[in-house]
Structures are given as structure tokens and as C-alpha cells.
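Trainee: I should like to learn how to read contacts, burial and helix packing. May we work through an example together?

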Amino acid sequence: MKLTQATLANPAATAVAVLLVALLGLVSVASLPVQLFPDTDEPIISVTADWRAASPREVEAELIEPIEEVLEGLVGVVEMNGKASAGRASVTLTFALGTDMQQALIDVISRMNRLPSLPRNVKPPTVSLGGSGGAAPLLSWFFLQRLEGNSEPVENYLPLMESRIKPLIESVPGVSGVALGAGGRYKEQLIVEFDPYRAAQLGVELPKLAQLVGAANDSAGGFVDVGRRKYMLRFEGRYAVDELGEMVVEWRNGQPVRLADVATISKQIPDDIGIFRQNGNPAIGFMVNRRSDANLLTTLTEVKRQVAALNGDLLEPLGLQIVQSFDPSVFINRTIALVTGNLIIGVSLAIAGLWLFFRRWRATLIVAAAIPISLLSTFIVLKLTGRTLNVISLAGLAFAVGMVVDAAIVVLESIVRQRERGVAREQASLAGSERVWGALLASTATTVVIFLPVLFLEEVEGQLFGDLALTIAVAVSISLLVAVTLVPLAANLWMGGGVGRDHFSGLWASITAKIMHHTDTPARRYRIIALLLTVPLLLSVALMPERDYLPPVKRDAVDAFFRLPPGANQVTMERDVVDIVEARLRPFMTGERQPALKNYYLLLFSQGGRLGVRALDQSRVGELQAIVRDEIVKDIPDLQAYVRQDDLFGSFGGTRGIPMHIQGRDSRATSAAAYAAIAEIEARLPGAQVRPMAELEDSDPELRLRPRDDRLSEKGWSRAELGLITRALGDGLFVGDYFDGDQQLDILLRVGEWDDPDAFAQLPLATPRGGVVPLSELVEVERAVGPSAIIRIDRRRTKTLEVVPPADMTLEHALQVLTDQVEPAIAELLPGDGQVVYGGSADDLQRAIGALGANFLIALLVLLLLISALFRSLSDGLLVMLALPLATVGSMLVLSLLNLFAFQPLDLLTMIGFVILLGLVVNNAILLVHQTRQAERDGLSRRAAVESALLMRLRPIFMSTLTSLFGMLPLLLMPGVGSIIYRGMAAVIVGGMSVSAIFTLLLLPALLRLGEQKTVESVRFE
């Protein structure tokens, strides 16, 4: 073989190449970005628009519907999700994976230009790639909070946040931006708060007042020539804030009525920003986003260093401190350390397995050298392809540890055979490599080509597992080069006395004799073939676990999601929720009760909120979850709380939640169906959490003003003026913008607080023709309820229930219960056009199963064609493929055994294990078939050829199988944070290889000996 011959002729060049690979590999691993999971594309574009003071019904009619109208029919859109809430519209477009998102973004922006004119005080819609948070991935949450002794409202430090803190954090390399919480609602507003009684007394009409305040703007008159100069003509009509009160709004009895006579003017933070608390302190929450190509750990370390500098130099003297919410680097470091530790243990066990067979250090080290060289070469490829160092890629390396020595074992065995025949060292190295090159090429090619379907998957599973496929494929490919270059060279230069006596030679002879005996007659052969082909298939079907989407990898924190009482205002939320929750958490923060807390945050808005709690001792997270559920958030009046540990795979849609969408035009009917569905789910899925994603029925209190048109006309107003007055009497009427030199502020005109609806109805209004009249004379004021939010899926009104199955139940089982039991039970309550559809992980699971199933079949076909081409025989290719059912049953047996100790469904990572298994289990069969056909070509009969193949290949088969198993066992057996990610995959491979290695040695000889002539010859070795 030319490659082997060139290596033997140039040992110095080979040594330099190995050292160069080692050096580049070490440099690559040091510079690879480190994160928990691989980067994935998020094919989402969101459109958001703010319309302050608008109700969900107005938002739906005036914003959501027009936006959906212009966006309908976009190429590649698989789901359009709209949500109308008080003052905000959001439309999320989910595209098919593989869509050109830059072109999709251009298409969306182009279509948004066709949007009809929106109401005057609607903020222009914004289009974001990658969801409402934009495309930048989140690095971490931080909170600016007050220290003890500082009584200044934390909102007063917003200018400091904007001018000093944000720029310094954004200057950290790898940070893409800093975004304040509360959806940007921290921005100050210029509030003109009028006294309705004083305004009525002085005859000031509100529509006229709004027009005057909003019309006071600067204006330019262009350029005028005066003598020899050209002047810019400007009218400075804008009032300064401290001068705005001098605006004349009316004349009474020859005296001016100024704005200050009827209103007060001030800059204020909006009332609806919600409540932010960190460890019991009022706080400003902000999230730091990173660049997609930045090293997460390095960037986070630099951000924390910058935050520490800010705290010491700037903030602590002011009685402030920035505190990180939850540190993702802690979990990443623990998980990466676990996988790395398993990798090191696997390498040690693999080397120990080699020593068990060789009993000589030189032979052991020659073969073991394939491990570091293959792994370091893989790091180089990861770096060149722009990949990251993450749990998936490291798991791929750990799986590859035992696989990369297979080729080296076979080559060294073949070289030793040649030297035992008396062939000279160099010639033995060359001849030994050449003799097994065909089999090694076949086995390596099958291992590599089996991953091609995974690499070409565009869905989340393809993006997620691409690193796994790449690392194993590269490592195994490099191991083949090592086997035919470095191993022959090392055997020639370093291994003087061979590998020594085979301590298991008697065992190989005994196994061979028994196999030959059990396959000696046609009847025995047919029985073995029938038994080993049918029983594994039947057992595999019987033991098939239920399917799930992604492993439930839990965050090391407990989260509680709140649904607040309808209409609860900020004062009520603080008194009835915040104070109670913080009082209950205080003993855990001080350590009086266990488990002690490291930190917590509490966020509350008008429609809900969230509590995040982290234990000081992370091993007690499960205990903490029970305490939060049964003590911290329990028995708070009118509060609904859903407590759980979120999944780290949530970014891939793997939250284990099944969105159940109940759709129909009749909202009352869909609400009734949703309530019935909740009862059915709780009865049929005990332990499941059912969370409505919005109120199922109209429950937010409203004061509806029905106009009395005759009275309005009589007093000189129309419905349009009364609409403006309604906004001014409520959250505030937008009348214009004000630029203070630093930022542009909204000017809002609003009434002062009123105590109750009856007092509201009696508010006096000065009218153009009717003098002063109470509001109730112009409108009928009635109390009613309205929706808190309106959800639309594909332009249909939807009631959505998020169903989270119990921790020990698969998504497949839960979805089957929903479709077979719950859905028929509520069918009669649905309106005529009603339907139930499912989204989220359940929909992803069905799609992923279809995609993986199709790719699995493609992989089988590719494998068959490749093996047949390498053997130049379709029948031999089929013989090798018949080893696969034996592997499948072994995998199912180990999965069933694993389920006795821990919940292990057939999730996507476990399914990928079967793909890996395809390329592994055929290797032993390839060795046997290749050696048998070679012996036949050398003149042996079929029986003698099979016996010769068994005697010659048993040791390398057992060696390669055991080293592969030893390398993977830590991934299966070692517990720890994050081990659930790859535990199922390891179980599939370990079980499949173990059973297949044993029974393939019985099945393949039986298949190979079909049609054998009844002759007996002595066996000779080559």
C-alpha cells in the first residue's frame, strides 16, 4: 500500500506530522468557543407594535388583523401566531427550517410597507429576526438594585443606567447589546395631569386642551435673504418643561387661564412597568446578549469582571449594586467537566482493555496512540468548521474513544500474523496493512457514511446532532489513517519482540470449535438463522419504549409562573403577592430554614409574573421545588401558580409542554371546551400541569362608556371627541412628542386619580355649548368584563392550554391520551367550525420521528450499497446487514433494564444512538465476511475458510468490541448533572454492540456456511 510504504520510508516526516497535529489540536481546543449546546438557527421573525391604553379587542381589530392580512401567504411560513394584549400586538412567524431568513426578513419588511395607516398614537411596528428578543442569544440576566440604607426609588437611576452602565457592559468583547427589562417601558414620559374639577370650573375643554398641548412645536420657515446674508428662519414654539405651565389654554373674564392653573407637569416612569425584585430589593432588570460567534464562558467572565468593577468604583458609593440572576456558566462548567471526566475515564478503560489482551506496554501504547491523535485531529476540524466545544461534541468524542482503536487493533494483529510466519519487520508491516486494508476501508466507510443523513438534516435534530456526527466521523476517519501509517511504522521501529503470547488462544479455539459444531449441519444452521432473525425482531417490537422529544435536562433553579387576579393593579400585586412571597422566602435567604437560598428574583406584570429561586446546595433543587409549590406560593388568594424546573433544551422547543390549541369563532364555546379539557386532563393524566396561556374567558374588569348621541350633539361634541376624552380620563391621551436634549419623550394628558366608578361617572366636563355637565350625562357607564389577551393561531382565535406531562410520562403517551380520550370528550362542546390542534414539542416529535425514520431507511440503503460495492457482492452486503436486528434487540434490552432504575424514553438523542449503532455493529460482520472470502480465494473450502476467519478474527473482534464498550461505559454508568443528555444514546450503543458481538459470531458462520460442500480440510493461518 503506497501510504503505508511512504510512511515506512519517511519516519522523520511522520513524526513531524504527528507533532504538528498534536500542536494544532491543542491550540484548537484552547480557542474553541465553549457553550452548553451547539448553535442552532431559529427560523422566527416577530412583528411587534405598541398602542398604549388600547384594549386587547382594539389591538386585535386595528393591529393584529391588518398585520396578519399583509403577511399571509409568505413563502416558507409554517405557523403564524398572533397575540393581542393590553397596549401591545405581537405576530410571530415560524418558518420552515432551511428557509433563507435574510430573504424572509426582507420579504416581511417589504410587506409591512403595504400596511394601511394605523391609529395616530401607535408606535411604528418593529420587525425582529429570531423572535421578540432579536437574533442575539441571551448571555445572562442582571439586576441593578438598591443597597440597605438607600431610600431613593431605583427608577431614578435610569439615566445612570443609560449613560454609564449600558455602554461599559456593551464594550465587553463578545457582548452584542444590553436590553432593559419591562419591554422597554422604563422610558420616561412627560405627564400633563389635569384636575377635571378645576378645568370644568374655568371652562377648559379637554379636546381643545389636548390640541393646544400637542401643537406647541418648533417650526422652520426655511432660508431668507437679508442683505448680504442668508438666515435660517425658525419658530421656537416648543415649551421647556419648566415653562410649559405658562401656556395659555383659555381666557376667562379678560384673564388668561394657564396650563398650570388646571394641571401639573412632570417627568415620570410609566406606571405599568411592573414589579422587579432581586433578593427582596427593588431592582431594574436587564439582560446581556452575546454575539452568536462569541465564547459564552469567556464573554460571561469578562462581563462579570466589568460588573465587579462597576460595583466597586461607581455603584456602591451610591448605595447600588448589580447582581447576577442565575449564572449559566456554573451548570455549563459542571456538565462539561462531567463529560470530560467520562472521556478521560473512557480512555483509561480502553487502554486497560488493550493491556488485558496484549499484556505488553509497547503493543498497548502503539494501538492506544490512535486515541489522542484522532481526538486532537477532531478538534482541528471543529475549529476549521466553526463548531463549538459543547456537551454534544464532547459526548461524540467520548463515544469515539473506543471506536478509534478498532482499525489499529486489526492492523497490528495482521502485522503480527505476518511476522509469526517469518516475514521481515518492514515487509511484515507493509504486508499486514495491505491484507486488511479492504476490510478496514469498508468498516470505516460504513461508520462515516451512516452519519451523512444526520449531517444533511435541516431540522433542529440535524442542527443539534451535527456536532456529534461530525466528531465521530472525523475521529474514525483519522483513526484509519493512523492505523495504516503510524501503527506499521511503530511496529517496525519499536515493537521488537511482537505482541507476546496470546493468553486467550485456548478460549478462541474453544469458541471456534463450538461455533463450528453448532453450525455443522444444514438443520442446525437453518434453526440458528431462523431463531436469530425472528426472535430479535419480535423482542425489539415488544420492548420498544415510548417516544419522547428531547431529554428533560433540568435547570438548577426552580421557576414559578403566576396568573394574577384579573384587573389587579400594581399596589394590589405588591401587597397581596410580593409582600407575602418575600416574607415566606426570607427565612430561606437568611439560612434559618433549609435548603438555604443563593438568590431569587420576582417579576410581576399586569397579566402574570414569574418567580425564580436557586438553592445554595444545588443537590437539593428537588426539595426546593416541593417547598416552593407547597409553601411559598400556596394559599395566596386568587393567585394561580405553576411550579416546575425548566428544561435547558427549552431553546430547541424541548420544554415537554404540549400546547393544546382549541380554535373556533365562538369564544364562549371554545372557553367551555377549554374548561372541560382541563377537567378531563386532570382526571386522565394525574400529576400533569395544565396552564392556560391566557384567561379562558373574559374576566378583566372594564368600565364601558356607551355614548348618548343626542346629548353629545346637543353639547357640541361627537363620538370622536369623546373617544379622546376617554383616553385622557384613563391611562393618558398621547398628544405629541417632546425632545429634552437627550431623549424624545411621549407627552400624555391624563386626569388625576379617581376613587371608584361612581365618582368617575360624576367627573365634570366643560362642553362647547352646554356648559359643565357630568360624564354620565354624555355616556352610560356600565361595569363589564373583557379579555386579558387574545391569541390567534393561523388567523383563528384560539384558547391555548399548555399541558406538561408528569416527569415519568413520555410526550407520546401524553399526546395519545389527549387525542384518544380528552379530545373526544370535549368534541360536543366545540362550535361547528371548531377544531383542536397541537403544537410545540408534540408537533416537533411527530415531525422528527418522520424525518429520522426516513433518514434511517436511507442510511440502511446507503450502508447496503456501500458494503456491496466494497465486497463486489450484493449477497455479501446482505449477509453483513443481517447483523443489525441482533444489535437492535440488545439496545432494547438495555433500555428496558435502564428504565428499571431511571426514566429513559426513546428520545431523539436515543434515536440517534441507533444511527451510530448501524455503522458500528457491521464492523465485526465485515471482518468475518472479508476474511472468509479471502481464505476462499486462497484455496480453502467454505468450512475451512469460516473456521480460519473465526480463529484469526476472534481476538481483534473481542478487543475492538471491549475497548469500544469500555470507552462508552462511563457515559452510561456515571451519574451527574447533565448525564441524562447522552445516557440513552450510550445505553443503545452499549446494549447493541454487546449482544451483536456475541450472536453475530453464531449467525454469520451459519449464513456463510449455507450451501457448504461436505469436505473437511485442515485450517492454515496467513
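Mentor: Let us begin with Pro757, bearing in mind that this is a predicted model. Setting aside neighbours within four places in sequence, Pro757 is in contact with Leu703 and Arg783. The residue belongs to helix H25, which covers residues 757-761.

Trainee: How far apart are the C-alpha atoms of Pro757 and Val781?

Mentor: These two C-alpha atoms are separated by 8.2 Å, while the residues stand 24 places apart along the chain.

Trainee: Why is Pro757 classed as partly exposed?

Mentor: Partly exposed residues lie between the limits of 20% and 50% relative accessible area. Pro757 has a value of 22%, and is therefore partly exposed.

Trainee: Is Thr14 buried or exposed?

Mentor: A residue counts as buried under 20%. Thr14 has a relative accessible area of 13%, so Thr14 is buried. Thr14 is found in helix H2, residues 11-31. Apart from neighbours within four places in sequence, Thr14 touches Thr7, Leu486 and Leu489.

Trainee: Let us turn to helix pairs. At what angle do H10 and H32 pack?

Mentor: Helix H10 (residues 328-358) and helix H32 (residues 942-973) pack at about 155°, and their axes are 7 Å apart. Because an angle over 145 degrees counts as roughly antiparallel, H10 is roughly antiparallel to H32. The crossing of H10 past H32 is right-handed.

Trainee: Which residues make the contact?

Mentor: On the H10 side they include Asn342, Ile345, Gly346 and Leu349. On the H32 side, Arg955, Phe958, Met959 and Leu962 are among them. The residues of this contact between H10 and H32 divide into 12 nonpolar, 5 polar and 1 charged.

Trainee: How should I read the pair H30 and H33?

Mentor: Consider the angle again. The axes of H30 (residues 884-898) and H33 (residues 980-1008) come within 6 Å and cross at roughly 135°. H30 and H33 are therefore oblique to each other. Their crossing is right-handed.

Trainee: Which residues of H30 and H33 meet?

Mentor: From H30, the participants include Leu886, Ala887, Val889 and Gly890. From H33, they include Arg983, Gly984, Ala987 and Val988. The residues of the contact of H30 with H33 comprise 11 nonpolar, 7 polar and 1 charged.

Terms used: Residues are numbered from 1 along each chain as its sequence is written. This is a predicted model: local features need pLDDT of at least 70, side-chain atom pairs count only at pLDDT 80 or more; totals for chains, interfaces and linings use all residues. Side-chain values use heavy atoms; hydrogens and water are left out. Axes are lines fitted to C-alpha atoms, for helices over the stretch in contact, and angles run from 0 to 180 degrees between N-to-C directions. Helices (H or I, at least four residues) and strands (E, at least two) are DSSP runs, numbered from the N terminus. Angles under 35 degrees count as roughly parallel, over 145 as roughly antiparallel, 65 to 115 as roughly perpendicular and the rest as oblique. A crossing is left-handed if the near helix is turned anticlockwise from the far one by less than a right angle, and right-handed if clockwise. Contact means heavy atoms within 4.5 Å. Ala, Val, Leu, Ile, Met, Phe, Trp, Tyr, Cys and Pro count as nonpolar, Asp, Glu, Lys and Arg as charged, and the others, Gly among them, as polar. Buried means under 20% relative accessible area, exposed over 50%, partly exposed in between (1.4 Å probe, protein chains only).
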